[in-house]
Amino acid sequence: MNNDQKTNGFLILDFGSQVTMLIARRLRDLGFYSEICAFNESLDKIKSFKPAGIILSGGPNSVYDEKSPKRNVQELLAIAPVLGICYGMQLLAQQLGGEVVSGTTKEYGLTEIHWNSEAHKKFHFSWPLKHKIWMSHGDVVSKIPTDAKELLATEKHMAGFYSDRYWALQYHPEVSHSEYGTEVLKAYALWCGAEATWKNEEILNTAKKYISEKVGPTSHVLCALSGGVDSSVVAMLLTEVLGANRVHCVFLNNGLLRENEFETVLESYKKIGLNVTGVDAEEQFLKELSGVSDPEKKRKIIGKLFIEVFDQTMHKELKAYKDQIHFLAQGTLYPDVIESVSSLGGSVTIKSHHNVGGLPEKMNLKLVEPVRFLFKDEVRKLGFQLGLSSDFVNRHPFPGPGLAIRILSDITKEKLTILKKADAVFIAALCEEGLYSKIWQAFCVLLPVQTVGVQGDARTYDFVLGLRAVTSIDGMTADWFDFDSAFLRKVSNSITNQVRGINRVVYDITSKPPATIEWE
């Protein structure tokens with residue numbers, strides 16, 4: 001981001017909510033750039049961002065807990081108008097003369113709110129005075145600050161207040177369950193005087209400018225390709241800005257890709273004009289992963305090996321350019337960063353990502369990550385702008401560790417063969433029925449369970465396969481896809497008939513939350 005854009009953007013201070021990222025997501029959808037940082041970000045950095053507004057997120061703590069995250073809200077109010085959400089609202093109340101108490105009952109889930117009619121008229125709100133929203137809190141504000149007025153309430157409690165420098169909401173407007181939540185965030189942004197300047201063209205121009213300034217006029221870049229949209233977009237961006245001769249793409253076969261993916265995707269990369277080298281390191285990866293069942297250990301091993309293989313490639317296949325390659329490019333996304341780094345406001349680390357966390361010193365390379373602060377759908381829009389085909393742009397997300405985290409036990413060649421074949425059958429069925437494009441992500445999971453079956457009049461004792469298919473906008477929340485029972489019956493029959501080693505198929509009907517999309 002350049003300074004002019006940051007002047008019209010929003011800074012979100014994360015106090016530990018698992019849905020903080022959705023605030024940024026909603027604001028960007030509205031055309032307002034936003035960034036998330038830790039609740040205790042330095043005042044100097046907050047000032048340098050020149051925010052149009054500052055948002056205090058929700059969080060799991062009570063403002064009265066000794067170890068709860070805190071900061072001086074008066075200092076923030078001196079910089080820009082503030083919006084406090086849930087915990088953020090309680091922090092405003094506590095520090096500005098109000099009172100927060102432990103509620104006699106907790107408010108979780110859908111709740112009806114009533115907007116104060118005077119405030120509703122004052123701000124020219126377009127939504128109904130009464131509607132449903134999503135609550136998740138135990139403490140309540142029993143007294144609002146002396147300079148504040150009531151904004152909204154539930155049947156049980158006051159649920160929002162405002163002054164000429166801040167708004168405060170007890171509920172979460174950022175979640176999809178809250179009716180008119182996007183409209184509320186837009187109203188706040190406009191009240192702050194922000195301009196909706198975050199457009200697709202600006203995203204592309206910003207990414208190009210970042211690459212040009214980061215890499216400079218002569219350095220070469222080693223670009224890690226995975227076959228997915230994120231790394232493909234990064235490779236296209238780099239190539240367009242720097243030229244193919246300075247961008248050395250490496251597509252690695254770690255043995256954990258889908259069936260025939262290494263050969264077909266490598267050929268596709270060459271057709272779109274990327275300077276790509278294919279490296280077959282399947283044997284090396286499977287050897288290191290042998291006997292490992294713990295998903296976090298798998299991720300760490302894979303991340304370490306990725307770096308080692310790229311380093312080996314630079315010193316062998318790309319030896320002629322070794323002294324000119326000063327950067328390693330990765331398709332790291334904003335959700336990868338937030339899920340991997342618990343220091344952002346104390347939110348819990350959900351899982352580590354192999355492409356987050358820096359590089360070993362021995363590589364002597366700097367990272368270049370043009371889409372690090374973008375969401376998946378923003379990257380997809382970039383892909384179309386760069387001329388990538390729908391086959392690349394609309395591919396379902398595929399995890400960096402690949403099938404390693406879809407085998408819920410130790411990894412063997414036999415298990416990989418079974419999972420690859422089953423996944424191919426499942427995806428083919430989705431395409432045949434015209435369902436692939438309606439689903440955010442679909443895949444198979446090989447469970448660490450074997451069950452008795454009857455196939456060909458004989459007893460079998462084979463694996464159980466889990467099917468997973470979800471709908472989503474940004475991957476932060478997701479719902480399971482409601483297949484017709486006839487489709488599930490057809491897929492189950494196809495898999496058990498065509499894939500040796502599976503005699504039972506189950507379908508995962510859990511949303512995110514409480515589950516994650518991937519099983520590991």
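Exposed means over 50% relative accessible area. At 51% relative accessibility, Asn-260 therefore counts as exposed. This is a predicted model. The protein chain averages a pLDDT of 89, and 92% of the residues score at least 70. A search of the whole structure finds 19 salt bridges. The points below cover confidence, the nonpolar cores, helix α2 and its charges, a further salt bridge, one buried arginine and the positive phi angles.

**Confidence**

- Residues 1–6 stay under a pLDDT of 50. The model has 14 contacts beyond four places in sequence for residues 1–6.
- Residues 341–358 also have a pLDDT below 50. Beyond near neighbours in sequence, the stretch 341–358 has 53 contacts in the model.

**Nonpolar cores**

- The largest nonpolar core holds 122 residues. Phe-161, Phe-426 and Phe-483 touch the most other members.
- Helix α16 (residues 413–432) gives this core its largest share, nine residues.
- Another core, of 41 residues, lies apart from it. Among its members are Met-21, Ile-36, Cys-86 and Trp-115.
- In soluble globular proteins, nonpolar side chains tend to be buried together.
- Phe-426 touches Phe-483, and its contacts also include Phe-443, Leu-467, Phe-487 and Val-491. Ala-442, Cys-444, Arg-468 and Ala-469 are on the list too. Residues up to four places away in sequence are not counted here.

**Helix α2 and its salt-bridge network**

- Helix α2 is mostly covered, with nine of its 10 residues buried. The buried residues include Met-21, Arg-25, Arg-26 and Arg-28.
- Arg-25, Asp-29 and Asp-377 are linked in a network of salt bridges.
- Within this network, Arg-25 and Asp-29 pair at 2.6 Å, N to O. Both residues lie in helix α2 (residues 20–29). They are four residues apart, about one turn of the helix.
- In an α-helix there are 3.6 residues a turn, so residues three or four places apart point the same way.
- The burial of this pair is uneven: Arg-25 is buried, with a relative accessible area of 1%, whereas Asp-29 is partly exposed, at 43%.
- Arg-25 also forms a salt bridge with Asp-377, and the closest N and O atoms are 2.6 Å apart. Asp-377 belongs to helix α14 (residues 376–385), so its pairing with Arg-25 of helix α2 ties together parts that are 352 residues apart in sequence.
- Arg-25 and Asp-377 are both buried.
- Just after α2, Gly-31 takes a positive phi of about 100°.

**Salt bridge between Glu-259 and Lys-421**

- The side chains of Glu-259 and Lys-421 meet in a salt bridge at 3.8 Å, N to O.
- Glu-259 sits in the loop between β11 and α10 (261–271) and Lys-421 in helix α16, so the pair ties together parts that are 162 residues apart in sequence.
- Glu-259 is partly exposed, at 35% relative accessibility. Lys-421 is partly exposed as well, with a relative accessible area of 39%.

**A buried arginine without a salt bridge**

- Arg-246 lies in the loop between α9 (229–242) and β11 (247–253).
- Arg-246 is buried yet has no salt bridge. The nearest side chain of opposite charge is Glu-213, 13 Å away.
- What does the side chain of Arg-246 reach? It reaches the backbone oxygen of Pro-217, at 3.3 Å.
- Beyond its neighbours within four places in sequence, Arg-246 is in contact with Val-215, Gly-216, Pro-217, Thr-218, Ser-219, His-220 and Val-221.

**Positive phi outside glycine**

- Most residues other than glycine have a negative phi.
- His-124 has a positive phi, near 55°. His-124 is placed in the loop between α6 (117–122) and β6 (130–143). At 70% relative accessibility, His-124 counts as exposed.
- Asn-260 has a positive phi too, near 60°. Asn-260 is found in the loop between β11 and α10.

Note on methods. Residues are numbered from 1 along each chain as its sequence is written. This is a predicted model: local features need pLDDT of at least 70, side-chain atom pairs count only at pLDDT 80 or more; totals for chains, interfaces and linings use all residues. Side-chain values use heavy atoms; hydrogens and water are left out. Helices (H or I, at least four residues) and strands (E, at least two) are DSSP runs, numbered from the N terminus. Buried means under 20% relative accessible area, exposed over 50%, partly exposed in between (1.4 Å probe, protein chains only). Lys and Arg count as positive and Asp and Glu as negative; His and the chain ends are not counted. A salt bridge is a side-chain nitrogen of Lys or Arg within 4 Å of a carboxyl oxygen of Asp or Glu. A polar contact is a pair of N or O atoms within 3.5 Å; within protein, one must be able to donate a hydrogen and the other to accept it, and residues adjacent in sequence count only if both atoms are side-chain atoms. Contact means heavy atoms within 4.5 Å. A nonpolar core is a set of buried Ala, Val, Leu, Ile, Met, Phe, Trp, Tyr and Cys residues joined through side-chain atoms within 4.5 Å. pLDDT is the predictor's confidence in each residue, from 0 to 100.
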